[in-house]
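Please look over the structure shown here, with attention to its enclosed spaces and its aromatic rings. The paragraphs that follow lead from one to the other.

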Amino acid sequence: TSPMITLTISLAVSATLILTSFLYAFYQTLCLKNPAFTNWPFIGMLPQFIWNMSHIHEFSTQMLKSKGGTVEFIGPWFTNMKGIITTDPMNVHHIMSKRFDNFVKGNLFRETFQPFGEGIFTTDSHKWKYNRNLVQRLFKQKSFETFQEKIIHNKVETSLIPLLNHVQQQDGSVVDLQDVFNRFTFDNICLIVLGHDPNCLSTDFPEVAYEKAFNQAEESIFYRHTMPRYIWRLKRWLQIGEEKKMVEACKIFDKFLFSCIASKREEVRKNFNTNEINVINVETNDEACHIDFLTMMIIEEEKTKGSESEFSGDKFLRDVVFNLFVAGRDTITSALTWFFYLIATHPLVEAKILEEIKENFGHKEKPWVLSVDEVKKLVYLHGAICEALRLFPPVPFERKETIKSDILPSGHHVYPKTMILFSVYAMGRVEDIWGEDCLEFKPERWISERGGIVYEPSYKFFSFNAGPRTCLGKDLAFIQIKMVVASILWNYCVHVVEGSCVTPNLSIVLLMKHGLKVRITKREI
């Protein structure tokens, strides 16, 4: 009888624990205003996310639509994995603008995005303000804008067009257009920021180790978002899986960056003596139109040499540069790739863009690359780019953390350290925000009755962030995209290979998982 009693007690205790865990999970769910899913004992709501990870963007969109645009999420117990996911524009405005100081990136964000270091995307408070003021001061000067535009124009003319011309001459050959844009933007950002041309964009499609390493680092960061913190921390400690890949990728890319910084310091010392450095004003000097961003930063640093500052040294320069690579490289690649996919599958839109180009520049001889002033005339093209960015935002999720308790416009309570995710991808597919035709690719929604551009508030069109953190490179991004699009469309026809599997990858930037396989033919107009 003794074993029977023991078994009975064990079963009773187990049943009590199971019942208690279900009751606690039920109680947790009752405390939520709008739970995302079923809250299971011990594992929380994580299973539904993991089960749908392969199509997380579409899954999140449908889930948020069915739940009114804002949901609360609970991860496995004892992980402190709690948060809110929202598409509500009023919540965006409240968090990103109205109560900006109460919502930060936070320490967990910085740990998750470890490769970014202490750059403009990961820092808060005085560090963020210093980084933003520095980038804004140097990037927004006229001479540097001219320098950037020359780099982009030259790269399109001497590398992109010749490469596509080479491809179209190979009858029936297939090229991955996303890979082409990846190489194009990597060369551009290297030239603009580092003054170095890796020549990734050439007809032999060379394998560039540090370019691949940069891609891997970003993919590994995304996987940290898909599991409890203690799991990826353990994997980091054990050096296995994605964490091992991240460490190896960062070593390769950092070696490249630090070598560029060292050679650039030597170049500045060789070309400028101390007296020359002290009188150079990179904001007004004409010579600045020939100087890359890293050189300007080192010149500014040399002026204050001897004074102690946390905003100096190779590590600081490395972090600034890494963040600029993220801002100016993958986001443009994403925008261009999805744009050409949409154009290839919407021939009427393509015809209208070509008609606009013909009306304005049909008299110019082929091949050509439009100037900055010329691309500003292409209103319909601008609308088409905005529409592509609405449907396929380069950064599909934004993330914030609460400092003090608050109530969002949607009525949801947030507490200190609550994680808030904005699904930018889902926002572009919500009828209440964009109308019943929100799933249509419709450039006309961005053009006024008078033929001008319609400007939507940033908390609605969230592709360039909002509030004080609005993207500093927005205007340059439009210029670069327009230059590339106009040049390609006017000279070539882009045909997506039939049967291509077009689906988003799992990364912090919305690229295509299998690339964009196309055939290029000469356009006769």
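Over the face of which residue does Lys460 lie, and at what distance from the ring centre? In this predicted model, Lys460 lies over the face of Trp434, at 4.5 Å from the ring centre, and Arg390 also lies over the face of Trp434, at 5.4 Å from the ring centre.

These three residues lead on to an enclosed space, since Arg390, Trp434 and Lys460 are among the residues that line the largest cavity, including also Leu389, Pro393, Val424, Met427, Gly428, Phe461, Phe462 and Ser463. The search of the whole structure finds three cavities of 30 Å³ or more, and the largest cavity holds about 50 Å³ of space. Its lining has seven nonpolar, two polar and two charged residues, and at least two lining residues come from each of helix H17 (379-391) and helix H18 (424-427).

From the cavity one can turn to the aromatic rings, for which the count comes to 30 aromatic pairs. One of them joins Phe113 and Phe116 edge-to-face, at 5.3 Å centre to centre and with 85° between the planes; Phe113 is buried because its relative accessible area is 9%, under the 20% limit, and Phe116 is buried at 3%. Another edge-to-face pair is formed by Phe461 and Phe464, at 6.3 Å centre to centre and with 70° between the planes, where Phe461 counts as buried at 7% relative accessibility and Phe464 is buried with a relative accessible area of 12%.

Phe113 and Phe116 also belong to one aromatic cluster, together with Phe109, Phe121, Phe186, Tyr210, Phe214, Phe253, Phe256, Phe322 and Phe325.

Key: Residues numbered from 1 in each chain as written. Predicted model: local features only at pLDDT ≥ 70, side-chain atom pairs only at ≥ 80, totals over all residues. Heavy atoms only, no water. 1 Å grid on protein atoms, 1.4 Å probe; cavity = no way out; pocket = protein on both sides within 12 Å on 5 of 7 lines; lining within 4 Å. Points joined across faces, edges and corners; volume = space filled by probe spheres on them. Helix = DSSP H or I, 4+ residues; strand = E, 2+ residues; numbered from the N terminus. Nonpolar A, V, L, I, M, F, W, Y, C, P; charged D, E, K, R; others polar. Phe/Tyr/Trp six-rings, centres within 6.5 Å; stacked < 30°, edge-to-face > 60°. Buried < 20%, exposed > 50% of the residue type's maximum accessible area, 1.4 Å probe, protein only. Lys NZ or Arg CZ within 6 Å of the ring centre and 35° of its normal.
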